[in-house]
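Let's take a walk through a protein model together. Have the picture open and turn it around as you read.

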Protein chains: 2
Amino acid sequence: MESIDKVQGIVEKKELLRCAEVSPAVIRRLPRYHRYLGDLIRAGKMRISSKELAKLMGVTASQIRQDLNCFGGFGQQGYGYNVKYLHGKIGELLGTDEGFRAVIIGAGNLGRALAGTHMFDRRGVTRVALFDNSASLIGSKIYGIPVYHVDALGAFCREHKVEIGVLTVPKEAAKSVADVLVKNGVKGIWNFANMELKVEDESVVVENIHLGDSLMTLCYEVKNRLSESVEEKNEDIVHI
Amino acid sequence: MESIDKVQGIVEKKELLRCAEVSPAVIRRLPRYHRYLGDLIRAGKMRISSKELAKLMGVTASQIRQDLNCFGGFGQQGYGYNVKYLHGKIGELLGTDEGFRAVIIGAGNLGRALAGTHMFDRRGVTRVALFDNSASLIGSKIYGIPVYHVDALGAFCREHKVEIGVLTVPKEAAKSVADVLVKNGVKGIWNFANMELKVEDESVVVENIHLGDSLMTLCYEVKNRLSESVEEKNEDIVHI
């Protein structure tokens, strides 16, 4: 028995090692796998081949096998992946079972939209409070989440050991609110204030959302498609 | 004079050629330049060196010179870029002066948030209408944008030659709304419905927004930083 335990220990260590070496590029792709696997679970599909998953996600099966290789032998030939297991393992690596707590600062349209989604729960993140400075909102609940005055933010984060702060405040207020978060132990800032937030504390991560950049990429692509179709039409004329 | 014109013609052709060869990676980075340059204009800064811009954007000056190389000789040594000119040129390449028209479908929290931002105007996109199926909203205006019934969407897009549709509808409704858009001439879909939208018409571009993926990346980074700081603490204990 001891030797089997030893072997298993080595195997486990080996798998952990392989996962520790996951490249940043794969890490960036994992949330997308996690999302698809979550959808499959909700649709009642418990097993999927790399080929099926590849088709669904619009990538090659070999890419999938490479990306998911580190999670061990869950993709045996002809057997497929155990969807729930893989979903759980990817989630574990990404932090869904860390029990992170988040606060949303700013209860405007975007803050409300974020309060109303499943996005957080599905990633194991609990939204414990909203903060605003509008007197009419303080003391109310939005989608069940209590709204407090922003002056209480620091003390709240310390007391409730909040790890994540979601900034939906105006650009001008973002830096000062972020400073309060960082000073009170928050380790991750999800920034929707449409400016690139820099914090001095290197142990704090900032994820800046720039929807405008995405809109511009879309405009560029639309512009290109429109000019292509004009070119095609002109070619048609030449051929006639 | 003729020979000078000829030379200028060649130079212009050369510059156009250089711009035609802008790599997809650079294109992806251009919206960020556009955003920073827009902020500089609003702050009244009309000229900036590649060194200053590099510091501001947290990249190297040589990366900036390489990326902006295609826009011609606007970054002479010791003279710097003409901010407004460069902003305009990048915008032109990305499509800000195409006069694109957009409709937002879904007047919930997210639709309202998008109706209330400067994001569209700053990229030359006019939001001409919102669509919803809630009787209480039809006929009202949100941030000055009229709200119509979603049944009128197709005819409206055709009549007003709408190029861009912004989807903030529930996941289940996204595909059918997208089909109406595509059938009525819309060329770009900005999809917030939290599913990867596929349209059959290859001349239509879809830009899917997955905020949840960004949240997961943030969780992963926070998890890593927290475990790093635990490791550091343990090391401290060993050293004592």
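We'll visit a sheet, then a pair of helices, then one residue. Keep in mind that this is a predicted model.

Start with chain B, where 7 strands make up an open sheet. Going across, the order is β5-β6-β4-β3-β7-β8-β9, and the pairing is mixed. At the edges you'll find β5 (141-142) and β9 (205-208) of chain B, each paired on one side only. The partner of β5(B) is β6 (residues 145-149) of chain B; these two run antiparallel, joined over 2 bridges. Look there for B:Ile142, which sits opposite B:Ile145 in β6(B). Now find helix α8 (residues 171-183) of chain B, which packs on the sheet and touches β3 (101-105), β7 (164-167) and β8 (188-191) of chain B. The direction of α8 makes about 170° with that of β7(B).

Next, the helix pair. Two packed helices are described by the angle and the distance between their axes. For α2 (residues 24-42) and α5 (residues 83-94) of chain B, the axes come within 9 Å and cross at roughly 145°. The crossing is left-handed. Residues making this contact include B:Leu30 and B:Leu37 from α2(B), and B:Leu86 and B:Ile90 from α5(B). Sorted by class, the contact has 12 nonpolar, 4 polar and 1 charged residues.

Last stop: chain A. Is A:Asn191, in strand β8 (residues 188-191) of chain A, buried or exposed? A:Asn191 counts as buried, because its relative accessibility is 0%, and buried means under 20%. Its side chain reaches the backbone oxygen of A:Met195 at 2.7 Å. Farther along the sequence, beyond four places, the contacts of A:Asn191 include A:Leu167, A:Leu197 and A:Val206.

Note on methods: Residues are numbered from 1 along each chain as its sequence is written. Chains are lettered from A and ligands numbered from 1 in the order in which they are written. This is a predicted model: local features need pLDDT of at least 70, side-chain atom pairs count only at pLDDT 80 or more; totals for chains, interfaces and linings use all residues. Side-chain values use heavy atoms; hydrogens and water are left out. Two strands pair if DSSP finds at least two bridges between them. Helices (H or I, at least four residues) and strands (E, at least two) are DSSP runs, numbered from the N terminus. Contact means heavy atoms within 4.5 Å. Axes are lines fitted to C-alpha atoms, for helices over the stretch in contact, and angles run from 0 to 180 degrees between N-to-C directions. A crossing is left-handed if the near helix is turned anticlockwise from the far one by less than a right angle, and right-handed if clockwise. Ala, Val, Leu, Ile, Met, Phe, Trp, Tyr, Cys and Pro count as nonpolar, Asp, Glu, Lys and Arg as charged, and the others, Gly among them, as polar. Buried means under 20% relative accessible area, exposed over 50%, partly exposed in between (1.4 Å probe, protein chains only). A polar contact is a pair of N or O atoms within 3.5 Å; within protein, one must be able to donate a hydrogen and the other to accept it, and residues adjacent in sequence count only if both atoms are side-chain atoms.
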